[in-house]
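User: Could you take me on a close walk through one strand of this model, and then through what surrounds it? I'd like one connected account rather than a list.

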Amino acid sequence: MHIGLVGLGKMGANMRQRIREAGLEVTGFDRNPEVSDVPTLEAMVEALPAGERVVWVMVPSGPITDAVVQDLAGLLTAGDLVIDGGNSYYQDDEPHAALLAERGIGFIDAGVSGGIWGLENGYGLMVGGASRDVERAMPVFDALRPPGERADGFVHAGPVGAGHYAKMVHNGIEYGLMQAYAEGYELLAAKDLVTDVPATMRAWSTGTVVRSWLLDLLVQALEEDPKFGAIDDWVEDSGEGRWTVDEAIDLAVPAPVISAALFARFSSRQGESPAMKAVAALRQQFGGHAVRAAGAATVTPSAPPTSEA
């Protein structure tokens, strides 16, 4: 199988490598010529077999994704397939699918979780689209997902839009989990009783009911910088937390934890907070997201923990 991949940033480049390591052929295009396999989007399309092309789009959501889908609609032909693997808003998926369907081109929306460590660990995948399109793209999904049972790392969540909706809710849950760990860290650090906070949280990482990969990442971040002195407590939000809260309001579904976690990120931009430093460190650890340095130097993530839950 030979696919195209548009967008070779932090995740896209790793996905290209993982797909190749699974024995599939990938031609990648990026506006940065240093990482691109071909000079233009047109050249990428020409490199794929006409009428059976599969193109995975991995670019920032919103106008950039819109533009790429528009461009592909003019370059691809009937029988081809586009997969949007970015963090797009689920309500953008149906218009994209309709635009491509006018030209006989299929569309799948894919929520992708795994951050910068997906190359090694695999990516959790939530996809939406027609069953025939999903089945056709299954070799790519199998290459990207974690090893083991397919159902443990992949789901065909429903029709177009379902994949990105599932990923939106996933990210909302992630907000709440991160905030709970961060507040626990601040409580431990605030009391002059626990003398080794990193070791205390590490002791939770095996056997306890709060163990998780996020906890492993927080422990790693604490071991690298026990008081988070190297980073600022300013925490951005990618947008999916806001979308999740919007959905909760529209559906009258109580979501106090996710909502509070989102608002806590807003408060991080108003004054120093140890808990928000922990959230900033976690975003950097699992996703390679930029953090504001508490000095002049930029802080970069290290290798992932060896354990994962």
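Analyst: Happily! Two strands count as paired if DSSP finds at least two bridges between them. Please keep in mind that this is a predicted model.

Let's take strand E3, residues 54-57, as our part. In a regular strand, side chains alternate between the two faces of the sheet. E3 has Val54 and Trp56 on one side, with Val55 and Val57 on the other. All four of these residues are buried, and both faces of the strand are covered. Buried here means under 20% relative accessible area.

Now for the strands that E3 pairs with. Strand E1, residues 2-6, pairs with E3 in the parallel sense over 3 bridges. Within that pairing, valine 6 has valine 57 of E3 as its bridge partner. Strand E4, residues 81-84, is also joined to E3, by 4 bridges, and the two run parallel. Here tryptophan 56 has isoleucine 83 of E4 as its bridge partner. So that you can place the residues, Val57 and Trp56 belong to opposite faces of E3.

The link between E3 and E4 is worth tracing too. Helix H3, residues 63-75, joins with E3 and E4 in a right-handed β-α-β unit. H3 also packs on helix H4, residues 93-101, with the axes 9 Å apart and an angle of about 15° between them. Angles under 35 degrees count as roughly parallel, and H3 and H4 are therefore described that way. On the H3 side, Thr65, Asp66, Val69, Gln70 and Ala73 make the contact, and they meet His96, Leu99 and Leu100 of H4. The crossing of H3 past H4 is right-handed.

For comparison, let's turn to another strand, E6, which covers residues 124-128. Of its 5 residues, 4 are buried, so E6 is largely enclosed by the rest of the structure. Strand E5, residues 106-113, pairs with E6 in the antiparallel sense over 5 bridges, whereas E6 and E7 run parallel and are joined by 4 bridges. Leucine 125 is a handy landmark: valine 112 stands opposite it, and so does phenylalanine 154 in E7. Alanine 151 lies 9.8 Å from leucine 125, C-alpha to C-alpha, although the two are 26 residues apart in sequence. Alanine 151 sits in the loop between helix H7 (138-144) and strand E7 (154-158). Its relative accessibility is 66%, so alanine 151 counts as exposed.

Finally, some helix packing further along the chain. The axes of helix H10 (residues 213-224) and helix H13 (residues 274-287) come within 9 Å and cross at roughly 105°. That makes H10 roughly perpendicular to H13. From H10, the contact uses Trp213, Leu214, Leu217, Leu218, Gln220, Ala221 and Glu224, while H13 supplies Ala278, Ala281, Leu282, Gln285 and Phe286. H10 also meets helix H8, residues 162-190, with axes within 10 Å and a crossing of roughly 40°. H8 and H10 are therefore oblique to each other, and their crossing is right-handed. Leu177, Met178, Tyr181 and Tyr185 in H8 meet Leu214, Leu215, Leu218 and Leu222 in H10.

To come back to our strand: E3 is paired with E1, joined to E4, and covered on both faces.

Note on methods
Residues numbered from 1 in each chain as written. Predicted model: local features only at pLDDT ≥ 70, side-chain atom pairs only at ≥ 80, totals over all residues. Heavy atoms only, no water. Buried < 20%, exposed > 50% of the residue type's maximum accessible area, 1.4 Å probe, protein only. Right-handed = clockwise from strand over helix to strand, strands pointing away. Axes fitted to C-alpha atoms, helices over the stretch in contact; angles between N-to-C directions. Parallel < 35°, antiparallel > 145°, perpendicular 65-115°, else oblique. Left-handed = near helix turned anticlockwise from the far one by under 90°. Contact = heavy atoms within 4.5 Å.
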